[in-house]
Every structure is written in structure tokens, then in C-alpha cells.
Amino acid sequence: KIDSGEYVVGEKIPSESVLCKELSVSRASLRTSISQFIALGLMKSKQGKGTYLISNDTFLLSHDSNEKSAYADVKNVLSFRFLIEPEATFLSVGHYISGDEKILESLKDTYKMMKENTGNPKEFIKADLKFHSIIAYSSGNEVLGNALSHIFTTTLSIQDKINNLFGFNDGLNYHKQIIVAFENKDPLKAKKLMASHLSHALESLESMEEK
């Protein structure tokens, strides 16, 4: 119904009772599915008003052979990032502690851009990559910054696939926690959160490949 355009972005989807009848599914199954759509950033529930469609990008919900073949490229990019981004994050917090307050300010501004563009993949990805680039360059290690910048600029299609696979909420959640670690001046916590962010994506990807 989303792919066909029957459900329009910005509009409210039918009530649970109507959907259960139309789709011949139980209320429990329907609620589980809607929760998954919300987690992926496709829908948003407004208390007392209903559930609204905020994106029609259903890439993750289709698992044909072409999509599965794309997982290898996504996995390679994530694996490379996992090797260097946690350390870059550790170093970046160190520079913030040393007095470079602009780092945290920039991260907060970029996080705000991500939130404002939930449901808008193109702008969300720009803000997401900017967030990670700020951390890379503020690590004080130019090689780290250049390496990640090169990866981001030469693999934009892969970054798009990553966003399609994991939605908006996953990135927002981890980025918010990383910002809190900066605020608390805890480089080890920030490093662990970045590692967890990327390893979670890799584990989720492997789970998808098995389906």
C-alpha cells in the first residue's frame, strides 16, 4: 500500500481495526509491524491522533537478490569505519576536554539537522556524515580525518544504503548518547558508544543476510 502510493507521506494511515480487517492479521501482529515501521523512521505515532506515514522508502522491507548482493559493499564500509572511528572519537573528546569547545557545539548543531530531516534521507545522510566528519577531523589526526572524508565522499551510494537499511532512529539514538559522553568529558565512553554504534549495524546486517 505504501509502494503503490495508496498511503501518502504526511497522511494518517487507517486505524488498527480497519487495518486488521483489510489485511486479515491479528492486532498483535499489526502492532509489531507498525512498531518496526516507526523504528525504521517510516511512520510516526502521535498520541491521540493516530499513526502517520513520514517516509515511503521501504528498501529494508524487500530482500531480493540484488539487495542482498549490496550488503557486501555496505559491510565493507562499516567494517572499515569500525576499525578507525572509535579511536577517532576517543581523541576528539580529548581535544574537547583540552578546550576546543567548538567541537561539541558543532556536533549538537549537526544532530539538530539530523532530527529536522528525519524522513528526508538525502539531507539526513548529509548531516549524519558531517557529524562523523567533525569527530574525525577534531581527533587531531589529519590522516584519520582524510581517510574517513575520502570514504564518505567516494561511497555516497553506500551511505544511502546504510541509511535505508537502518532507518533514522538508530543513528539519532547513538549520536545523542555520543554527545552526552562529550558533555561528560568521558572519552572512553564515547569510544565505546561509537564502537557499539557500528558493531550494532554490522550485527544487524549479518542478521538480514541470513534471512
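Helices (H or I, at least four residues) and strands (E, at least two) are taken here as DSSP runs, numbered from the N terminus. On this basis, the protein chain of the predicted model comprises nine helices and two strands. Read from the N terminus, the order of elements is α-α-β-β-α-α-α-α-α-α-α. Of the 211 residues in the protein chain, 43% are buried.

The interior was examined next. In soluble globular proteins, nonpolar side chains tend to be buried together. In the present model, the largest nonpolar core contains 39 residues, and Leu 78, Leu 107, Ile 135, Ile 178 and Phe 182 are those with the most contacts inside it. At least two residues of this core are supplied by each of helix 3 (65-97), helix 4 (102-116), helix 5 (121-137), helix 6 (142-154), helix 7 (156-166), helix 8 (169-183) and helix 9 (187-210). The greatest contribution to this core is that of helix 5, which provides eight residues.

Electrostatic contacts between side chains were then considered. The structure contains eight salt bridges. One of them pairs Glu 6 with Lys 1, at an N to O distance of 3.3 Å. Lys 1 has a relative accessibility of 38% and is therefore classed as partly exposed, the class between under 20% for buried and over 50% for exposed. A further salt bridge is formed by Glu 16 and Arg 27, whose closest N and O atoms are 2.9 Å apart. This pair links distant parts of the chain, since Glu 16 belongs to helix 1 and Arg 27 to helix 2, with their positions eleven residues apart in sequence numbering. Both partners are partly exposed: the relative accessible area is 24% for Glu 16 and 39% for Arg 27.

A salt bridge also joins the side chains of Lys 191 and Glu 87, with an N to O distance of 3.1 Å. Because Lys 191 lies in helix 9 and Glu 87 in helix 3, this pair ties together parts of the chain that are 104 residues apart in sequence. Lys 191 is partly exposed at 29% relative accessible area, and Glu 87 is likewise partly exposed at 34%. In addition, Lys 1, Glu 6 and Glu 22 are joined into one network by salt bridges that share partners.

Charged patches were identified on the surface. A positive patch is made up of Lys 44, Lys 46, Lys 49, Lys 115 and Lys 176. Within this group, Lys 46 is located in strand 1 (residues 43-46) and, with a relative accessibility of 36%, counts as partly exposed. Lys 49 is placed in the loop between strand 1 and strand 2 (50-53). Its relative accessibility is 54%, so Lys 49 passes the cut-off of over 50% and counts as exposed. The C-alpha atom of Lys 49 is 8.5 Å from that of Lys 12, although the two residues are 37 residues apart in sequence. A negative patch is formed by Asp 100, Glu 101, Glu 105 and Asp 109, of which Glu 105 is found in helix 4.

A further spatial relation involves Ser 35 and Ser 45, which are ten residues apart along the chain and have C-alpha atoms separated by 9.2 Å. Ser 35 is part of helix 2 (residues 27-39). The relative accessible area of Ser 35 is 46%, and this residue is therefore partly exposed.

Backbone geometry was also inspected. Ser 24, although not a glycine, has a positive phi of about 55°. This residue is situated in the loop between helix 1 (16-23) and helix 2, and it is exposed, with a relative accessible area of 66%. Lys 185 is another residue other than glycine with a positive phi, the value being near 55°. Lys 185 occupies the loop between helix 8 and helix 9. At 47% relative accessibility, Lys 185 counts as partly exposed.

Conventions
Residues are numbered from 1 along each chain as its sequence is written. This is a predicted model: local features need pLDDT of at least 70, side-chain atom pairs count only at pLDDT 80 or more; totals for chains, interfaces and linings use all residues. Side-chain values use heavy atoms; hydrogens and water are left out. Patches are made of residues with over 30% relative accessible area and no salt bridge: like charges are joined within 9 Å, nonpolar side chains (Val, Leu, Ile, Met, Phe, Trp, Tyr) within 5 Å. Accessible areas come from the Shrake-Rupley method with a 1.4 Å probe; for residues, only the protein chains shown count as cover. A salt bridge is a side-chain nitrogen of Lys or Arg within 4 Å of a carboxyl oxygen of Asp or Glu. Lys and Arg count as positive and Asp and Glu as negative; His and the chain ends are not counted. The place of a charge is taken as NZ of Lys, CZ of Arg, CG of Asp or CD of Glu. Buried means under 20% relative accessible area, exposed over 50%, partly exposed in between (1.4 Å probe, protein chains only). A nonpolar core is a set of buried Ala, Val, Leu, Ile, Met, Phe, Trp, Tyr and Cys residues joined through side-chain atoms within 4.5 Å.
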